[in-house]
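Visitor: Please give me a close look at the salt bridges in this model, and show where they sit in the rest of the fold.

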Amino acid sequence: MYVVLISFEVLVEGSSSLKMKRGVINRIKDRIRSRFNASVAEIGYLDKWQRAAMGVTLISNEKKKLQKDVDAIQAMLVSFTDMSVNQFTVEWL
């Protein structure tokens, strides 16, 4: 069994309220959950308007599949135009 923890920070530059930031964050969480069947949570900077720290956990019996999913998640995050990813860390457990 393989477990991978992905953590990343997001900068939502156009956000002027927590409500706007939550809209972007919820869209990210929903897309990752539905596409990869992963656990996703906002884990930091909860009171900041333009910044968020997020965590994603994936589990599988195949390491190659998890590596493909990690690469796909990273590519998907880069494709969002209304936010940028400042830090992307992968930890194998």
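Guide: One cut-off is needed before the pairs can be described: a residue is called buried under 20% relative accessible area, exposed over 50%, and partly exposed in between. R22 has a relative accessible area of 28%, so it is partly exposed. Its salt-bridge partner is E42, and the closest N and O atoms of the two lie 3.4 Å apart. R22 belongs to helix α1 and E42 to strand β2, 20 residues away, and the pair thus links distant parts of the chain. E42 has 16% relative accessibility, and therefore counts as buried. One partner of this pair is partly exposed, while the other is buried.

The model is a predicted one, and the distances should be read in that light. A search of the whole structure returns five salt bridges. To place them, the order of the elements helps. The protein has two helices and four strands, which run β-α-β-β-α-β from the N terminus.

Another pair is made by R51 and E9, whose side chains meet at 3.0 Å, N to O. R51 is in strand β3 and E9 in strand β1, so this salt bridge ties together parts that are 42 residues apart in sequence. R51 is partly exposed because its relative accessible area is 33%. E9 is at 15%, which means that it counts as buried.

The pair of K65 and D69 stays within one element. Their side chains form a salt bridge of 2.6 Å, N to O. Both are in helix α2, and because they are four residues apart, about one helical turn separates them. K65, at 40% relative accessible area, is partly exposed, whereas D69, at 11%, is buried. Elsewhere, salt bridges with shared partners join K21, R22 and E42 into one network. The R22 and E42 pair described above is part of that network.

The elements that hold these charged residues also frame the interior. The largest nonpolar core has 23 residues, and those with the most contacts inside it are F8, I28, I32, V56, L58, I73 and M83. Two or more residues come from each of β1, α1 (18-36), β3 (51-60) and α2. V56 shows how this core is joined: leaving out residues up to four places away in sequence, V56 touches V4, L5, I6, F8, I32, A38, S39, V40 and I73.

Strands β1 and β3, which the R51 and E9 pair ties together, can be followed at another position. S7 lies in strand β1 (residues 2-11), and its C-alpha atom is 6.4 Å from that of V56, although 49 residues separate them along the chain. Beyond its sequence neighbours up to four places away, S7 touches M54, G55, Q87, F88 and T89. S7 is partly exposed, because its relative accessible area is 26%.

The two helices can be followed through M76, a residue of helix α2 (residues 63-79). Leaving aside neighbours within four places in sequence, M76 is in contact with R31, I32, R35 and F36. Its relative accessible area is 6%, so M76 is buried.

Two loop residues flank strand β2, the strand that carries E42. N37 is found in the loop between α1 and β2 (39-44), and Y45 lies in the loop between β2 and β3. Most residues other than glycine have a negative phi. N37, which is not a glycine, has a positive phi of about 50 degrees, and Y45, also not a glycine, has a positive phi of about 60 degrees. N37 is exposed, because its relative accessible area is 72%. Y45 is at 30%, and therefore partly exposed.

Away from the charged pairs, Y2, V90 and W92 make a nonpolar surface patch of about 240 Å². V90 is in strand β4 (residues 84-92).

For the protein as a whole, 37% of its 93 residues count as buried. The exposed area is about 5,600 Å², with carbon and sulfur atoms supplying 51% of it. Among contacts between residues at least 6 apart in sequence, 70% join residues at least 24 apart. The R51 and E9 pair, 42 residues apart, likewise ties together separate parts of the sequence.

Terms used
Residues are numbered from 1 along each chain as its sequence is written. This is a predicted model: local features need pLDDT of at least 70, side-chain atom pairs count only at pLDDT 80 or more; totals for chains, interfaces and linings use all residues. Side-chain values use heavy atoms; hydrogens and water are left out. Patches are made of residues with over 30% relative accessible area and no salt bridge: like charges are joined within 9 Å, nonpolar side chains (Val, Leu, Ile, Met, Phe, Trp, Tyr) within 5 Å. Accessible areas come from the Shrake-Rupley method with a 1.4 Å probe; for residues, only the protein chains shown count as cover. A salt bridge is a side-chain nitrogen of Lys or Arg within 4 Å of a carboxyl oxygen of Asp or Glu. Buried means under 20% relative accessible area, exposed over 50%, partly exposed in between (1.4 Å probe, protein chains only). Contact means heavy atoms within 4.5 Å. A nonpolar core is a set of buried Ala, Val, Leu, Ile, Met, Phe, Trp, Tyr and Cys residues joined through side-chain atoms within 4.5 Å.
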